[in-house]
Amino acid sequence: MDLVVTPDLTRWEWKDADEYAHARRLGIVSDTEHRAVEAARGEVLAMFAELSGVFAQAQRWSSWRWEPAWPTPCLPPGATAAEKVTPEAG
């Protein structure tokens, strides 16, 4: 699940909570995994409340904007060709 926070840090919501709940109902996410997810959710919400961790500089980054004069990024030559990956034989 992703935590979606507004740029001004006034609101947040969990993205895909309904899909996660459905996976729980189907048994795809075990009780042990669910406890780990809940613990991680608690940790990230604590960081958000304290503006620590990944949120430590959130106020500064909320005003960041792309500079229109910057050139459009591009991949180096040859990087756009898809490489065929074959699974390892098991």
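**View 1. The largest nonpolar core has 6 residues.** In this predicted model, the core is made of Leu9, Trp14, Val44, Phe48, Phe55 and Ala58. Phe48 is in contact with Val5, Leu9, Trp12 and Phe55, leaving aside residues up to four places away in sequence. Leu9 and Phe55 are thus named both among the contacts of Phe48 and among the members of the core.

**View 2. Helix α2 covers residues 31-50.** With 20 residues at 1.5 Å a residue, α2 should span 28 Å. The C-alpha atoms at its two ends are 29 Å apart, which agrees with that expected span. Leu51 follows α2 and has a positive phi, near 50°.

**View 3. Four tryptophans make a nonpolar surface patch.** The patch, about 510 Å² in area, consists of Trp61, Trp64, Trp66 and Trp70. Trp64, one of these residues, is found in the segment after α3, a helix of residues 58-61. The relative accessible area of Trp64 is 43%, and Trp64 counts as partly exposed because this value falls between the limits of 20% for buried and 50% for exposed.

**View 4. Ser62 and Asp8 are 54 residues apart in sequence.** In space, their C-alpha atoms are 6.5 Å apart. Ser62 belongs to the segment after α3. Its relative accessibility is 22%, so Ser62 is classed as partly exposed; a residue counts as buried under 20%.

Definitions and conventions:
Residues are numbered from 1 along each chain as its sequence is written. This is a predicted model: local features need pLDDT of at least 70, side-chain atom pairs count only at pLDDT 80 or more; totals for chains, interfaces and linings use all residues. Side-chain values use heavy atoms; hydrogens and water are left out. Helices (H or I, at least four residues) and strands (E, at least two) are DSSP runs, numbered from the N terminus. The expected span of a helix is 1.5 Å times one less than its number of residues. Patches are made of residues with over 30% relative accessible area and no salt bridge: like charges are joined within 9 Å, nonpolar side chains (Val, Leu, Ile, Met, Phe, Trp, Tyr) within 5 Å. Accessible areas come from the Shrake-Rupley method with a 1.4 Å probe; for residues, only the protein chains shown count as cover. A salt bridge is a side-chain nitrogen of Lys or Arg within 4 Å of a carboxyl oxygen of Asp or Glu. Buried means under 20% relative accessible area, exposed over 50%, partly exposed in between (1.4 Å probe, protein chains only). A nonpolar core is a set of buried Ala, Val, Leu, Ile, Met, Phe, Trp, Tyr and Cys residues joined through side-chain atoms within 4.5 Å. Contact means heavy atoms within 4.5 Å.
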